Amino acid sequence: MRLLWQLFISFFRVGLFTFGGGFAMLPLIQNEVVDRHHWIGKQDFLDMMIVAQSAPGPIALNSAVFVGYKMARLWGALVALVGIVVPSFTIILMIALVFSDVRHNPVVDSAFKGMRPAVVALIIIPVVDLARKLHWSMSVVIVAVAFAIWKLEWSPIWMIAVAAVAGIAWEDFQARRNLNAKNGEK
């Protein structure tokens, strides 16, 4: 029961103090689940980010579900999901009730303009952290995929699918090569 409460509080805190959407939540989620509670390791977190981004739905919700499930199965996933959704839902509901009245207020406009660079920075942090862990050759792949999505307007879904197939093929190739090398030694 204590673990469920900790999951709820941790993800409630992430949902309460994060502005800018799912990617902006990732550094806070990492701080809670990797650094603070040590529920998962840094490499597992990076792998979870990849799966959470590839799965349907918002990355922050997927991350909460994955961590919650890893820690306490179905109840953990449910509690983490509720924890991350409740503050955001409540804040959005309160804003929606008054936003139409204050949207064109110069102070509100200025606040939104001021928050944009901070949100971009929060999005960049996990991306750079993930990129630093990759082999240098993956930088070429990153640039190629970004170019294909932005300039050629290829579907990100197809890019993820192609990357998954390429990853499986590469690992299979490596395994076969290692097996052949091992059999050649005998």
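How many residues apart are W5 and F8 in helix 1, and by about how much of a helical turn are they separated? In this predicted model, W5 and F8 lie three residues apart in helix 1, so that about one helical turn separates them.

The aromatic side chains were examined through a search of the whole structure, which finds three aromatic pairs. In one of them, the ring centres of W5 and F8 are 5.9 Å apart with an angle of 25° between the planes, and the pair is therefore classed as stacked, since planes under 30 degrees apart count as such. W5 itself counts as exposed, because its relative accessibility is 55%, and it belongs with F8 and F12 to one aromatic cluster.

A further pair is formed by W170 and F173, with a centre-to-centre distance of 5.6 Å and 35° between the planes, and this pair is tilted. W170 and F173 are likewise three residues apart, here in helix 7 (residues 156–185), so about one helical turn separates them. W170 counts as partly exposed at 49% relative accessibility, and F173 is also partly exposed, with a relative accessible area of 42%.

As for the interior, the largest nonpolar core has 24 residues, and those with the most contacts inside it are F11, I29, V33, F45, V67 and I84. Two or more residues of this core are given by each of helix 1 (2–17), helix 2 (22–36), helix 3 (42–54) and helix 4 (59–102), with helix 4 giving the most, at seven residues. When residues up to four places away in sequence are not counted, I29 touches F11, V14, V34, F45, A60, S63 and I84.

Terms used:
Residues numbered from 1 in each chain as written. Predicted model: local features only at pLDDT ≥ 70, side-chain atom pairs only at ≥ 80, totals over all residues. Heavy atoms only, no water. Core = buried A, V, L, I, M, F, W, Y, C linked by side-chain atoms within 4.5 Å. Buried < 20%, exposed > 50% of the residue type's maximum accessible area, 1.4 Å probe, protein only. Helix = DSSP H or I, 4+ residues; strand = E, 2+ residues; numbered from the N terminus. Contact = heavy atoms within 4.5 Å. Phe/Tyr/Trp six-rings, centres within 6.5 Å; stacked < 30°, edge-to-face > 60°.
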